[in-house]
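Notebook open, coffee poured. I want to go through this one entry by entry and jot down what I look up.

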Amino acid sequence: MLSVPLTLASEGFFHRLWYGAREPFNGEPARIGGGGMADMAPASDMLFMGIFWISLVSFVFLMVLMVIFTVKYRRRPGVPTMRSPAHNTPLELTWTVVPLIVLVWIFFQGFWGYIHGQTGGALPEEISLEAQKWNWGMTYGNGAASPELVKVGARTDVPLFVAPAGVPVLLKMHSIDVIHSFWVPDFRWKQDVFPNRYTAFQFRATPIEKQDPSILQTGKHADGAEYKYIDHYIFCAEYCGDQHSEMAGVLRVLPPKDYVKIVTDWATPRGSDIDKGAFYYKTKGCTGCHSVDGSARTGPSWLDMFGHEVTLSDGSTVVADENYIRESVYNPAAKIVAGFPNSMASQQGRVSQEELDCLIAYMKSISKYAPKSMLEGGAAPAEGDRGGEPSGQGERK
Ligand code: CUA
């Protein structure tokens, strides 16, 4: 009995109708898995397509019977009205017991799938996932976070995450503000993400060597070595405010050894405070609301923000200096920039003092109102620049 929906679930017109095809979309690489891309996907597809076919068959059966009865038993002149039978035990038992069996089957299929998604395989690779309005963040076992951004639809700054293929992966998830829902359509799975509580998302992505080679893509490590991967969209499936629909991510599934290599590479932000600040801008979830190119998003752009005068919602003005930024990060509701909503959560405990220093250095580096350090290639001060206090030395040779 089950082999029929199974076959129909993995192939064919109706499957493609619901789950999409693997063609590239909008000039971007294909990121929709027509066949399902993780261990729970085939069971989910089978259940969905099973329910679909059960519904379709029941619907057609009932409608055809209805039409036949309507025609056959219609009122005709000269024919006396028949008395309705009061009872038919075999018939009533049949239409009670048969749907009951079907519904119990549906319940257990869904229940087993749910339990499977909640409880891990043995010793899964744990990754912690954090949601906030309106971005996803993942932190790996070595403390690394992804500094890579990719294009999805209209957004060019969607965070890219990696996960090993073929092994159990467990996402420990929490939210720092409202309820979100972590959803990977290719895996046929989603799970709500709550503030003040962890939830789990468990999957085992299809091993790369078992994927259809035509949908694999090739990436390059920092050392030039190549690896094969497949990208999956991440969406938010719980309405969480203005930019809910743009709360996206890309999950790159790749061979475990390449996963280790990349995450090891991501572990340490290198370079100057500005480089580190640019790294934290991408890894702390700032990209969801703050652009660095001047375009207005949910929050003010960081371009030319530092050192500039900001008009607040109460009409007063303030200069965006270190203390203003510190307050805006740790107590965002204290001063709201005119024209923007009060929707940011406090980053207390998420962004350390040291990380804040680096973020401020980065903000300065992209603001024409901020001084540039000579060490960072800023222009050497001309005679008389850098304050009005004469030092008495080296002046006016
Ligand atoms: Cu987050 Cu919707």
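Which side chain does Lys-257 meet in a salt bridge? I looked it up, bearing in mind that this is a predicted model: the partner is Asp-258, with 3.5 Å from N to O.

**Entry: the two ends of that pair.** I checked the exposure of both residues. Lys-257 has a relative accessible area of 61%, so I file Lys-257 under exposed. Asp-258 has 6%, and since buried means under 20%, Asp-258 goes down as buried.

**Entry: other salt bridges.** I get a count of twelve salt bridges by the rule used here. I picked out a few to write up.

I looked at Asp-304 and Lys-368, whose side chains meet in a salt bridge at 4.0 Å, N to O. This pair links distant parts of the chain, with the two positions 64 residues apart in numbering terms: Asp-304 sits in the loop between α6 and β12, and Lys-368 in the segment after α8 (353–365). Asp-304 comes out partly exposed at 22% relative accessibility, while Lys-368 is exposed at 61%.

Then I went to Glu-322 and Lys-364, where the closest N and O atoms of the salt bridge are 2.8 Å apart. Glu-322 belongs to helix α7 (residues 322–330) and Lys-364 to helix α8, so this pair ties together parts 42 residues apart in sequence. I have both as partly exposed: Glu-322 at 35% relative accessibility, Lys-364 with a relative accessible area of 23%. I also noted a network, in which salt bridges with shared partners join Arg-155, Asp-157, Glu-246 and Arg-297.

**Entry: Thr-298.** Is Thr-298 buried or exposed? Its relative accessible area is 8%, and the buried class runs under 20%, so I put Thr-298 down as buried. I found Thr-298 in the loop between α6 (273–283) and β12 (309–311). Skipping neighbours within four places in sequence, I listed the contacts of Thr-298 as Trp-134, Gln-243, Cys-289, Phe-340, Pro-341 and Ser-343.

**Entry: Lys-220.** I placed Lys-220 in strand β9 (residues 217–220). Lys-220 is exposed, with a relative accessible area of 58%. Which residues does Lys-220 contact, leaving aside neighbours within four places in sequence? I wrote down Ala-225, Glu-226 and Tyr-227. I also pulled a C-alpha distance: Lys-220 and Ile-262 are 10.0 Å apart, with 42 residues separating them along the chain.

**Entry: a nonpolar patch.** I came across a nonpolar surface patch of about 1,200 Å², with Leu-56, Phe-59, Phe-61, Met-63, Ile-68, Tyr-73 and Met-82 among its members. I looked closer at Met-63, which is in helix α3 (residues 41–72). Met-63 counts as partly exposed at 32% relative accessibility, and patch members need over 30%.

**Entry: the whole chain.** I finished with the totals. The protein chain has eight helices and 13 strands. I see 41% of its 397 residues counted as buried. For contacts between residues at least 6 apart in sequence, 63% join residues at least 24 apart. The accessible surface comes to about 22,500 Å², and 60% of that belongs to carbon and sulfur atoms.

How values were computed:
Residues numbered from 1 in each chain as written. Predicted model: local features only at pLDDT ≥ 70, side-chain atom pairs only at ≥ 80, totals over all residues. Heavy atoms only, no water. Helix = DSSP H or I, 4+ residues; strand = E, 2+ residues; numbered from the N terminus. Buried < 20%, exposed > 50% of the residue type's maximum accessible area, 1.4 Å probe, protein only. Contact = heavy atoms within 4.5 Å. Patch = residues over 30% accessible without salt bridge, like charges linked within 9 Å, V, L, I, M, F, W, Y side chains within 5 Å. Areas by Shrake-Rupley, 256 points an atom, 1.4 Å probe, with all protein chains shown as cover.
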